[in-house]
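Here are a few notes to help you find your way around this structure. Take a look at it first, and then we can go through the points together.

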Amino acid sequence: MTLAVLPALPAGAAPTDHESETATISQGAVEKNHAGYSGTGFVNFDNVAGSYVEYTVNAAQAGTQTLTFRYANGTTIDRPVSLTVNGTAAGTLSFPGTGAWTTWKTVTKDVALAAGANKIRTTATTANGGPNADKLTVSGVVDTEAPTPPKNLAAKDIKARSATFTWEAATDNVGVVRYDVMRGGNVLKTVEGNTLTTTVDNLQPNTAYDISVGAFDAAGNPSQQSNVVQFTTPPSGDTTPPTAPGNLRSTSVTANSVSLAWNASTDNSGTIAGYDVYQGTAKVATTPSLEATVTGLTANTSYTFTVKARDLDGNTSAASTALTAKTSGAAGGGIPEYDKDITKVDLAWSVDFLPDGTALATERDRFEILRITPSGEKTTLGKVPGAVGTSGEGGLLGIAISPDYATDHAIYLYHTASGDNRIVKMTYENGKLSSASTPVLTGIAKNRYHNGGRLRFGPDGKLYA
Ligand code: GCU
């Protein structure tokens, strides 16, 4: 995941300070004998239950706002207060010790305010009275409305390592503060909310890209993604191949596989696109990493392997030094031989185990549930009804088997649907998956990428998502 530097988040409306010394005070005194207060002093609540400070706060519009109380408590005992807004109880606030009367900390609470003047009262609830109260800061309405998706994303000036993107502005009830240019679930570049064109210069030559743009408001609400632009960058014109991979070695063998590892090649461009593993002259594996397992081999047989590196322009290195490795005798049993079959899963996303040790696994993009036995037998049980993809990272996601499976035969699934992400229940009984699902929790927000979806039962028997 590429890290992006985000612009500072401005509040929806500028925060306003309300000094305690100008508030209405009952059973308390304005003092200034402990440094570090703002304004001209702070309020020392009398050490009695019922002493209070009441602030008058004007709100431009009705809605939820964040109250931040700045205080000091030089004792080690909490000084809780009850909070009322316009006479209505709004909970209790805890003001634990800050270490010293000169150490000021903050406590926050979101409350609903009416348009116009609001009376916010903090009343001590214990005989110790309240903390020393410096000020109340009120910050703007908590915004939960996401921007609209940016429209008409287009790419131009596509070069080996860069491309320029333009799009039409997203709109938002408060304002768009940034756009993320995304490749799959990764951010390639972040620009400010008033920017509608940018050149991304960390692309790689001869590489396929799917680019979209998402908008964010100051509260961090993400838009749905824009349209996706697809292109392949041209080769860079480089003709120098990478160096040959070094130190090809076998890291483990089984009766039907050999695992290989090698040292990285280097390339004048700085980037190795991948490695190809050859068994004799046949290419048997391709990987971006420095290891591969060749499967489907015969027991007790010698095989000779070489590895070549490729750069992004398709220049291929000389072959590594050859390695000969011999598979072991026939397997003694007990080790699941998953390798071959599991490569036929479209996108394995989650797995859980039935009481008999059989695995149930989800396929994200085909929305299917697979059953895999400890000996590696794989059966497709069926599709989860109503699951849809997002041309991104949505689909059939988590699976969790009921802790009471022996009696209820229930399995829980998390999937993307046409309007939301949801958790549903199905049954798997007598070798048969139910054809229908029952919703358990609906309305979880969906997006092209980042749909969450992991499910597990806790030791408390509750289902966690
Ligand atoms: C001390 C401290 C005061 C504080 C008081 C209290 O006297 O100096 O600022 O208000 O303790 O316990 O409330």
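1. Accessible areas here come from the Shrake-Rupley method with a 1.4 Å probe. On that basis, the accessible surface of the protein chain is about 22300 Å², and carbon and sulfur atoms hold 51% of it. Please keep in mind that this is a predicted model.

2. Now for the overall make-up. The protein chain has 2 helices and 36 strands. Its radius of gyration is 31 Å, well over the 23 Å that the globule rule gives for 465 residues, so the chain is more spread out than a compact globule. The C-alpha trace spans about 90 × 60 × 45 Å along its principal axes.

3. What share of the 465 residues is buried? The figure is 43%. As for contacts with a separation of 6 or more, 64% of them involve residues 24 or more positions apart.

4. A word on charge: the protein chain carries 35 positive and 41 negative charges, and the mean positions of these two sets lie 3 Å apart.

5. Strand 25 is a nice place to zoom in. In a regular strand the side chains alternate between the two faces of the sheet. Strand 25, residues 323-326, shows such alternation: L323 and A325 point to one face and are buried, whereas T324 and K326 point to the other face and are not buried.

6. Which way do strand 24 and strand 25 run, parallel or antiparallel? They are antiparallel, with 4 bridges joining strand 24 (residues 302-311) to strand 25. Opposite L323 of strand 25 stands F305.

Note on methods: Residues are numbered from 1 along each chain as its sequence is written. This is a predicted model: local features need pLDDT of at least 70, side-chain atom pairs count only at pLDDT 80 or more; totals for chains, interfaces and linings use all residues. Side-chain values use heavy atoms; hydrogens and water are left out. The radius of gyration is taken over C-alpha atoms; the globule rule is 2.2 Å times the number of residues to the power 0.38. Buried means under 20% relative accessible area, exposed over 50%, partly exposed in between (1.4 Å probe, protein chains only). Contact means heavy atoms within 4.5 Å. Lys and Arg count as positive and Asp and Glu as negative; His and the chain ends are not counted. The place of a charge is taken as NZ of Lys, CZ of Arg, CG of Asp or CD of Glu. Two strands pair if DSSP finds at least two bridges between them.
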